[in-house]
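User: I would like to learn how to read packing features in a model. Can you take me through one?

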Amino acid sequence: MALPLRLEDHAVFESFWPAGNEALVAFLLEQIKTDGGPGCWLWGSAATGKSHLLQALCERLGDRSIYLPMRDLCSMSPDVVEGLATRKFICLDDIHAVERQPEWEHALFSLYNSAGEAGSVLVVSADSAPRDSRFELPDLKSRLSLLPAFHLRPMPEEDRQKALQLRARHRGLELPDDTARYLINRSKRDMASLYAVLDRLDSEALTAQRRLTIPFVKDAIDL
């Protein structure tokens with residue numbers, strides 16, 4: 001069965017601005033370095049970087065890992081997770097998408113046990129802390145609650161410009177301070193929206209062979 005497992009090209013550790021989440025980034029990098037560990041549960045609101053970090057982990061680990069976007073898989077048969085314990089790292093993004101689905105909950109419970117027996121590492125993301133998850137299978141909820149939990153903090157206002165410029169540099173773009181401030185002041189202020197604007201500008205600048213000046217941004221996109 002074909003699975004939607006493509007990693008985004010920008011989702012690497014080098015393009016993640018860690019403000020407020022330094023302990024989590026260090027924890028994940030240590031798991032990579034030691035090629036093992038207890039795994040973890042990442043939780044937080046939308047656009048805080050959960051998917052980015054899970055994909056960055058898989059980008060570093062290559063075929064020793066697998067990334068599963070549960071929002072895309074929840075309409076499929078839970079059989080798709082059978083045999084995944086052959087991977088050293090199993091990353092389940094938006095695990096809350098399959099809460100209160102009995103077949104999926106039993107499949108995840110089996111996966112948790114198989115991963116433990118195989119020495120695999122389970123890394124999951126969700127919209128809430130483990131204790132607040134809405135899984136109805138008690139054994140699954142109790143097992144997942146054993147994972148170290150990290151709360152991803154939203155990007156502080158004062159760090160949005162630096163984060164946007166870091167993403168631009170990763171794409172090979174120079175984003176001057178004045179242009180970055182212009183984008184932040186005129187776009188939606190969540191990082192997902194700002195990164196989406198930067199993606200559009202990347203394409204427009206490549207086509208026009210122009211630098212990211214304020215006049216070019218005004219001409220290229222409607223903010």
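**Core, sheet and helix packing**

Analyst: Start with the core. This is a predicted model. Its largest nonpolar core has 30 residues, and Trp 41, Leu 92, Ile 95, Leu 108 and Leu 144 touch the most other members.

User: Which element gives the most to this core?

Analyst: Helix 4 does, with seven residues. Several elements each supply at least two, among them strand 1, strand 3 and helix 5.

User: What is Leu 108 in contact with, leaving aside its neighbours within four places in sequence?

Analyst: Leu 108 meets Leu 92, Ile 95, Val 98, Phe 135 and Leu 140.

User: Now the sheet. What is the order of its five strands?

Analyst: The order is 2-3-4-1-5, in an open sheet with parallel pairing. Strand 2 (65-69) and strand 5 (149-151) stand at the edges. Each has a single partner strand, so one side of each lacks a neighbour in the sheet. On average, neighbouring strands are turned by 15° against each other, direction ignored.

User: How many bridges join strand 1 to strand 5?

Analyst: Three, and the two strands run parallel. Trp 43 has His 151 in strand 5 as its bridge partner.

User: How do I read a pair of helices?

Analyst: Two packed helices are described by the angle between their axes and the distance between the axes. Here, the axes of helix 6 (residues 160-170) and helix 8 (residues 191-208) come within 11 Å and cross at roughly 35°. The crossing of helix 6 and helix 8 is right-handed.

User: Which residues of helix 6 and helix 8 meet?

Analyst: Helix 6 brings Arg 160, Ala 163, Leu 164, Arg 167 and Ala 168. Helix 8 brings Met 191, Leu 194, Tyr 195 and Leu 198. The contact residues divide into seven nonpolar, no polar and two charged.

How values were computed. Residues are numbered from 1 along each chain as its sequence is written. This is a predicted model: local features need pLDDT of at least 70, side-chain atom pairs count only at pLDDT 80 or more; totals for chains, interfaces and linings use all residues. Side-chain values use heavy atoms; hydrogens and water are left out. Axes are lines fitted to C-alpha atoms, for helices over the stretch in contact, and angles run from 0 to 180 degrees between N-to-C directions. Helices (H or I, at least four residues) and strands (E, at least two) are DSSP runs, numbered from the N terminus. A crossing is left-handed if the near helix is turned anticlockwise from the far one by less than a right angle, and right-handed if clockwise. Contact means heavy atoms within 4.5 Å. Ala, Val, Leu, Ile, Met, Phe, Trp, Tyr, Cys and Pro count as nonpolar, Asp, Glu, Lys and Arg as charged, and the others, Gly among them, as polar. Two strands pair if DSSP finds at least two bridges between them. A nonpolar core is a set of buried Ala, Val, Leu, Ile, Met, Phe, Trp, Tyr and Cys residues joined through side-chain atoms within 4.5 Å. Buried means under 20% relative accessible area, exposed over 50%, partly exposed in between (1.4 Å probe, protein chains only).
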